[in-house]
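User: Please walk me through this structure. Start with the ligand site.

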Amino acid sequence: MQTPIYDFAKKYAESKTVRFHMPGHKGVRFHGLEEYDLTEIRGADYLFEAEGIIAESEAQTAKLFGAAKTLYSAEGSSLCIKTMLAIAEHCRPDRSRRMLVAAPRNVHKAFINACILLDIDVCWVYPKEESRSLCSGGVTPDDIREAITSADRTPDCVYITSPDYLGTMSDVKGISEVCHKSGIPLIVDNAHGAYLKFLHEDMHPMTLGADMCCDSAHKTLPCYTGAALLHISKSAPAAFSGCAKKLMSLFASTSPSYLIMESIDLCSAYLSGEYKAELEKTVLRTSLCKQRLEAMGWKFFGEELCKLTIAAGECGITGDELGDRLRSFGIEPEYTDPDYLVLMVTPFNPEADFLHLEDAMSHISPKQGAPIKFDTVPRAVVRLPIRQAAFADCEEVPVDKAKGRICGMTVTCCQPSVPIAVSGEEITADIIKLLKRYGIDTISVLIP
Ligand SMILES: Cc1ncc(COP(=O)(O)O)c(C=O)c1O
């Protein structure tokens, strides 16, 4: 496989060309990475009008993921999410009303930001089964079917997050079939699942029927922070691919990081080579680690093969406390909250990391805890469109005084940025309970 972006940067660095262009470091080593950090000079192509090395690299990556088109993002899945919703908005057949998206509540903040920027309405989908966490949606094809048929008007698209932060996987194939029967595109936030394509059984959303998805390459693949991919499927309307770059450029910086793009370029070459075999070994080792920890009495949650989500609350310790205990052994988890602790694994975790983790966990005794109970995700009482409320005049009030008021700027739990109260919703007693659970004392509400 070719690595055109990296090759160009390397050749350029070796040419010792005098740089009278950005960036300010001029390729002179200062932090150590400057040489290959470029700007859109001649030959380096333009991310949003790609015809040269970037187009070539993106096309190779699209092929690798079985996509009709893949766009590189140097600004994470956050940029891809806004772009995917802009594409859906631009290409929907009837634009006489505000776009309506059906989505489970465990969306990332970038989704809400897109709703604010693009003036989108959301019909929230609530799983039949009680959620185990705010960030774990777990909706089924039936939940989606019911949401589509019971909405005031037919949604313009369905948007799901799978895998979610705790490693729950939705039935993307089943959900895509439901969507396509109703003639609605499916968008998947696959920020945590770039690697799913390379598992023994390919579980990537592009394979399972999604029309568009985003992968945060930086979360699970060896890419620099900010690297992400927006994939458009071969079965999606051709118009999606046609407008994608222009729409992405609406939200993006005009100075995309070449270091990030070079890391994706090099990563794609790695993915097409030894990665699959290495991933297989990692999946097996992760499963063994899980078995060993289970034998010590630790309980787990979620289905994702490269995540270890420990249901700490059920083991008589909070996720946050367990995180601190692990830190005292020199181990930093991905995420902790009162109920869970999440560890993310890739082939770049050597055997020593697993042994270290197993040893540390053997020094922390699990106890008998209570089953994790989560106050059900509050049902939204929508009083105003999201955009209108987000831009309205607001004041900050203590949460105890907010009952009955309308939420101004959306409030998310700080990690993993899932909304508790969305702009335009009435602040109910359930929302107040949830705000307190996440330690939030004040909330922005509209000035009456
Ligand atoms: C589920 C989910 N979607 C989207 C994002 C945003 O991804 P990025 O950080 O690549 O912009 C995150 C970030 O944590 C996430 O957890």
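**Ligand site and contacts**

Analyst: The shell around the ligand divides into 3 nonpolar, 8 polar and 2 charged residues. Ala, Val, Leu, Ile, Met, Phe, Trp, Tyr, Cys and Pro count as nonpolar, Asp, Glu, Lys and Arg as charged, and the others, Gly among them, as polar. A residue is near the ligand if one of its heavy atoms lies within 4 Å of it.

User: Before we go on, what sort of model is this?

Analyst: This is a predicted model: local features need pLDDT of at least 70, side-chain atom pairs count only at pLDDT 80 or more, and totals for chains, interfaces and linings use all residues. Residues are numbered from 1 along each chain as its sequence is written, and side-chain values use heavy atoms, with hydrogens and water left out.

User: Back to the ligand. Which residues come nearest?

Analyst: Of the 13 residues around the ligand, the nearest are Ser77, Ser78, Asp189, Ser216 and His218.

User: What are the polar side-chain distances for Ser78, Asp189 and Ser216?

Analyst: Asp189 has a polar side-chain atom 2.5 Å from a nitrogen atom of the ligand. For Ser78, the distance to a ligand oxygen atom is 2.6 Å. For Ser216, the distance to a ligand oxygen atom is 2.7 Å. A polar contact is a pair of N or O atoms within 3.5 Å; within protein, one must be able to donate a hydrogen and the other to accept it, and residues adjacent in sequence count only if both atoms are side-chain atoms.

User: How much of the ligand does the protein cover?

Analyst: The protein covers 86% of the 390 Å² of accessible area that the ligand has on its own. Areas come from the Shrake-Rupley method with a 1.4 Å probe; for residues, only the protein chains shown count as cover.

User: Which element gives the most to the shell?

Analyst: That is α3, with 4 residues. Both α3 (76-91) and α8 (217-220) supply at least two residues each. Helices (H or I, at least four residues) and strands (E, at least two) are DSSP runs, numbered from the N terminus.

User: New topic. How many salt bridges are there?

Analyst: The count comes to 23 salt bridges. The rule is a side-chain nitrogen of Lys or Arg within 4 Å of a carboxyl oxygen of Asp or Glu. One of them pairs Glu358 with Arg285, with the closest N and O atoms 3.0 Å apart. This pair links distant parts of the chain: Glu358 is in helix α13 (residues 351-362), Arg285 is in helix α11 (residues 275-296), and they are 73 residues apart.

User: Is that pair buried or exposed?

Analyst: Glu358 and Arg285 are both buried. Buried means under 20% relative accessible area, exposed over 50%, partly exposed in between (1.4 Å probe, protein chains only).

User: What does Asp339 pair with?

Analyst: Asp339 forms a salt bridge with Arg437, at 2.8 Å between the closest N and O atoms. Asp339 sits in the loop between β10 (335-336) and β11 (341-344) and Arg437 in helix α15 (residues 429-437), so the pair ties together parts 98 residues apart in sequence. Asp339 is buried at 14% relative accessible area, whereas Arg437 is partly exposed at 30%.

User: Now cysteines. How many disulfides turn up?

Analyst: A search of the whole structure finds 0 disulfides. The cut-off is a pair of cysteine sulfur atoms within 2.5 Å.

User: Why is Cys179 unpaired?

Analyst: The closest cysteine sulfur, in Cys157, is 8.7 Å from that of Cys179, so it is too far for a bond. Cys179 is buried, at 0% relative accessible area. Cys306 is in no disulfide either; the nearest cysteine sulfur, that of Cys289, is 12 Å away.

User: Where are the cis peptide bonds at Pro23 and Pro163?

Analyst: One joins Met22 and Pro23, with omega about -5 degrees. Pro23 is in the loop between α1 (4-15) and α2 (53-65). Another joins Ser162 and Pro163, with omega about 0 degrees. Pro163 is in the loop between β4 (157-161) and α6 (172-181).

User: Last one. What is the phi of Asp119?

Analyst: Asp119 has a positive phi of about 55 degrees, although it is not a glycine. Asp119 lies in the loop between α4 (109-118) and β3 (121-125). At 26% relative accessible area, Asp119 is partly exposed.
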